[in-house]
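Thanks, everyone. I'll walk through the contact between two chains and then the sheet they share. Here it is on screen.

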Amino acid sequence: MSHVATVDIEIKSLESLRAACAALGLDFREGQKTYKWYGTWMRDYSSENAAYRNGIDPSKYGHCDHAIGVPGNDRAYEVGVVLQQDGSYKLVWDFYCGGFGLMDLTGHDCSKLMKAYVGDVAKRTLRKKGYSFVGTKELADGSVELLFNHA
Amino acid sequence: MHKIVVKILPNGKTEVSVDGLHGASCKDATKAIEAALGKVVDDKKTSEYHKVAKVDANLRQEGS
């Protein structure tokens, strides 16, 4: 192994986000401008990954450019997909009560959704560069490795 | 043949590494995937990367 790059994921591809949703049984709700959540900011969550600490104005909570939801579950909250000034997207969601079924599909902290997104971006990008996808390995620490070969 | 490993960590970060390539060609191989995924926040060159770079330097010295 000759170099290892660590990347902070930015959502740049709606195509891959749609594919990730489909793979997990989520609905990608194209152009939906609001997402379902508790409805009022209670100022009860201030951890490092709180939306307001990551560039999302609390007065805009509930507003988005697209939404992600659970098909057939009207009670479930939704994930807001919010366009940023640099052209990337941020995901915003309310995890109260697991989003009433939302987190079952997206994973805690949307971890399943992000893994599926990264996997799809990697496959699409590397396929164009002549790589073949070999397989996935789940490691004991919860990491997932995707392996690609180039002849 | 060389391979690229994309490792998704539990903290949400992702590591991209290459096996079977050396020096600058290793960086070239991962440029597209790194750009597609997001922002590179750390980039470590391993001993394998530097070892081959040193051999290249020696060759140039001998040939001059």
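Two salt bridges link chain B and chain A in this predicted model. One salt bridge pairs Lys13(B) with Asp8(A), and its closest N and O atoms sit 2.5 Å apart. Polar contacts across the interface come to 14 residue pairs, both residues at pLDDT 80 or more.

What supplies the side of chain B that touches chain A? E1, E2, H1, E3 and helix H2 (47–63) of chain B, each with at least two residues. H1(B) gives the most, ten residues. By class, that side of chain B has 20 nonpolar, eight polar and 13 charged residues.

Now the extent. Chain B brings 41 residues to the contact and chain A brings 32. The buried area between them is about 3400 Å², with 58% from carbon and sulfur atoms.

Next, the sheet. Six strands, antiparallel in their pairing, make an open sheet: E6(A)-E7(A)-E1(B)-E2(B)-E1(A)-E3(B). At the edges are E6 (132–138) of chain A and E3 (38–45) of chain B, each paired on one side only. From one strand to the next, the twist averages 20°.

Two of the pairings, briefly. E7(A) and E1(B) run antiparallel, joined by seven bridges. There, Phe148(A) stands opposite Ile4(B). E1(A) and E2(B) are also antiparallel, over five bridges. Thr6(A) faces Glu15(B) in E2(B).

Last, the helices. H3 (111–128) of chain A packs on the sheet, touching E1, E6 and E7 of chain A plus E1 and E2 of chain B. Its direction makes about 160° with that of E1(B). H1 (24–37) of chain B lies across E1 of chain A and E1, E2 and E3 of chain B, at about 10° to E1(A).

Key: Residues are numbered from 1 along each chain as its sequence is written. Chains are lettered from A and ligands numbered from 1 in the order in which they are written. This is a predicted model: local features need pLDDT of at least 70, side-chain atom pairs count only at pLDDT 80 or more; totals for chains, interfaces and linings use all residues. Side-chain values use heavy atoms; hydrogens and water are left out. Two strands pair if DSSP finds at least two bridges between them. Helices (H or I, at least four residues) and strands (E, at least two) are DSSP runs, numbered from the N terminus. Axes are lines fitted to C-alpha atoms, for helices over the stretch in contact, and angles run from 0 to 180 degrees between N-to-C directions. Contact means heavy atoms within 4.5 Å. Buried area is the accessible area (1.4 Å probe) that two parts lose on being put together, summed over both. A salt bridge is a side-chain nitrogen of Lys or Arg within 4 Å of a carboxyl oxygen of Asp or Glu. A polar contact is a pair of N or O atoms within 3.5 Å; within protein, one must be able to donate a hydrogen and the other to accept it, and residues adjacent in sequence count only if both atoms are side-chain atoms. Ala, Val, Leu, Ile, Met, Phe, Trp, Tyr, Cys and Pro count as nonpolar, Asp, Glu, Lys and Arg as charged, and the others, Gly among them, as polar.
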